[in-house]
Amino acid sequence: MREATNAGARKQRTDEPAASEPAGILVDAEVDESPVPGPTHVGSRRQLAYLGLCLVLIGLNLRTLFSSFSAVLPEVTAQAALPGWAVVVLTTVPVTLLGVFAPLAPVLARRFGAERVLLGAMAVLTAGLLLRPVELPGASHLPGLLAGTAACGAAIALCNVLLPGLVKRDFPHRLGLMGGLYTTAICASAALGAGFTYPVYTASGEWTLALWFWAAPAAVVLLLFLPVALRQPRIRHQAVRDGVNVWRSAVAWQVTIFMVLQAMMSFSVFAWLAPILRERGVDGATAGLIVSVCIVLQMLGSLFAPALAARFRDQRAINTVVALMTGGGFALSIFGPLDLVWVWAGLLGLGQGSLTAVALTMIMLRTRDGHTAAHLSGMMQGVGYGLGSTGTLMVGQLHQATGSFTAAGVLFLVVGLLAAVFGYRAGRNRYVS
């Protein structure tokens, strides 16, 4: 079975991009390694199915950090007596770390193997989620919140980079199924964090328990993945430089700035949509439900948008439309009529899911080979998440300065317009060269 699996993965490793596939956004971050990493070693079809379950469950833990904190942000702020700067940092730092730690993932994978790095990342994520609500003796909750959140952000960054490559490498004949399950799991992770955190707080009366709750599924996945990772052989790999220098390509920068602008809106939704709705008078449970429905609609957008984008001769129209939908939906959620808040959340969800998906799909549509796609993906994640975190930062600072989210609504109208401009330019039928 191992030989058959390895052969299937080798067959999949071609230099031609698979943009038309539903799993076209799965980029192998280890494509520049020599020898080329083989599939995860499994002994039977049952073990291969077990591996697939583990990878999907890892994806199901990669966004609860963001949405769970925002769901009880007013309670945490009040009961832990958090200063305003701390709220801004706690919503900004994890996104920034997604960009800071993304370049380290391939380096660690070359030395320890992708499976072991994923295992270590899940251990750090579990520890960070456990540390986050801890009140240290003689101190407040703030040190635990800061250290735990930072650890989780670093761990998620490693998973973000390595997990798509493992899905692509180990399931070459089930890319559509596994790619869909993987992306859906990540969206579901955010929806679960938004929808269940406040009910746990209501039932327990403790925001600490509501945040600790999310360490349990991470710990379960850590234990499930442990035997898979430990049975993998240790093979040292070398980096091989191949493909064009994406940092000197105008097309690559247009795609990357498009990614920056979508990330500014995407992570601001996770961090601030629930507090925005609660400040407008929506109760905590309903606000969490609205955010969950918004994220579920993101799943629909992320499932259909890549295939639709790949059918067009170029992507200027779809990039522009989904960028304007996202910016407009976010702004209307802030100052549109509250009676239509479900409409605004639906517009935002469909727009944001489609925007994120088409931004990632640009990796394949604008490159000619797997090496260049991997380099562009690394550039987009490093710069995109690093600068994209300024969205959550600016929302927090504007709220502190003005006492309301109205200015943030204007901000995201501007960000949506800029995303439409750069999406139009990135959508032209050209290649990184």
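This is a short talk about a predicted model of one protein, going from its overall make-up down to single residues.

Hi everyone, and thanks for coming. Please keep in mind throughout that we are looking at a predicted model.

Let's start with the whole protein. It has 433 residues, and 56% of them count as buried. If you colour the elements, you will find 18 helices and two strands. The accessible surface adds up to about 16,700 Å², and carbon and sulfur atoms account for 66% of that. Now think about who touches whom. Take the contacts between residues at least 6 apart in sequence: 85% of these join residues at least 24 apart.

Next, let's pick out one helix, α8. It runs over residues 142-170, which makes 29 residues. From the first C-alpha to the last, α8 reaches 41 Å, close to the 42 Å expected at 1.5 Å a residue. Follow α8 along and you will meet a kink of about 30° at Leu-162. That kink comes shortly before a proline, Pro-164. Is α8 largely enclosed by the rest of the structure, or open, and why do I ask? Let me put it better: how many of the 29 residues of α8 are buried? The count is 23, so α8 is largely enclosed by the rest of the structure.

While we are at α8, have a look at Cys-159 and at Ala-114. These two are 45 residues apart along the chain, and 9.4 Å separates their C-alpha atoms. Ala-114 belongs to helix α7, which covers residues 114-131. With a relative accessible area of 3%, Ala-114 is buried, because buried means under 20%.

Here is another alanine for you, Ala-345, in helix α15, residues 341-365. Ala-345 is buried too, at 4% relative accessibility. Which residues is Ala-345 in contact with, leaving aside its neighbours within four places in sequence? They are Ile-290, Cys-294 and Ser-333. Ser-333 is 12 residues away from Ala-345 in sequence, and their C-alpha atoms are 6.5 Å apart in space.

Now for the charged side chains. Side chains of opposite charge can pair when their charged atoms come close. How many salt bridges does this model have? The count comes to three. One of them pairs Arg-278 with Glu-75, and their closest N and O atoms are 2.5 Å apart. This pair links distant parts of the chain: Arg-278 sits in helix α12, residues 250-279, while Glu-75 sits in helix α4, and their positions lie 203 residues apart in the numbering. Arg-278 is buried, at a relative accessible area of 19%. Remember that buried means under 20%, so Arg-278 falls on the buried side of the cut-off. Glu-75 is buried as well, at 10%.

The other pairs share a partner, Asp-314. Arg-313 meets Asp-314 in a salt bridge of 3.6 Å, N to O. Arg-316 also forms a salt bridge with Asp-314, with the closest N and O atoms 2.9 Å apart. Because these salt bridges share partners, Arg-313, Asp-314 and Arg-316 are joined into one network. Are its members buried or exposed? Asp-314 is buried, with a relative accessible area of 13%. Arg-313 counts as exposed at 63%, and Arg-316 is partly exposed at 26%.

Let's move out to the surface. There is a nonpolar patch of about 400 Å², made by Phe-335, Val-410, Leu-413, Val-414 and Leu-418. Which helix gives the largest share of this patch? That is α18, residues 406-426, with four residues. Val-410 is in α18, and this valine is partly exposed, with a relative accessible area of 46%.

I have saved a small oddity for the end. Most residues other than glycine have a negative phi. Ala-81 is not a glycine, yet its phi is positive, about 50°. Where is Ala-81 placed? You will find it in the loop between α4, residues 73-79, and α5, residues 84-101. Is Ala-81 buried or exposed? At 61% relative accessibility, Ala-81 counts as exposed.

That is my tour, so let's open the structure and look together.

Methods:
Residues are numbered from 1 along each chain as its sequence is written. This is a predicted model: local features need pLDDT of at least 70, side-chain atom pairs count only at pLDDT 80 or more; totals for chains, interfaces and linings use all residues. Side-chain values use heavy atoms; hydrogens and water are left out. The expected span of a helix is 1.5 Å times one less than its number of residues. The bend at a residue is the angle between axes fitted to the seven residues ending there and the seven starting there. Buried means under 20% relative accessible area, exposed over 50%, partly exposed in between (1.4 Å probe, protein chains only). Patches are made of residues with over 30% relative accessible area and no salt bridge: like charges are joined within 9 Å, nonpolar side chains (Val, Leu, Ile, Met, Phe, Trp, Tyr) within 5 Å. Accessible areas come from the Shrake-Rupley method with a 1.4 Å probe; for residues, only the protein chains shown count as cover. A salt bridge is a side-chain nitrogen of Lys or Arg within 4 Å of a carboxyl oxygen of Asp or Glu. Contact means heavy atoms within 4.5 Å.
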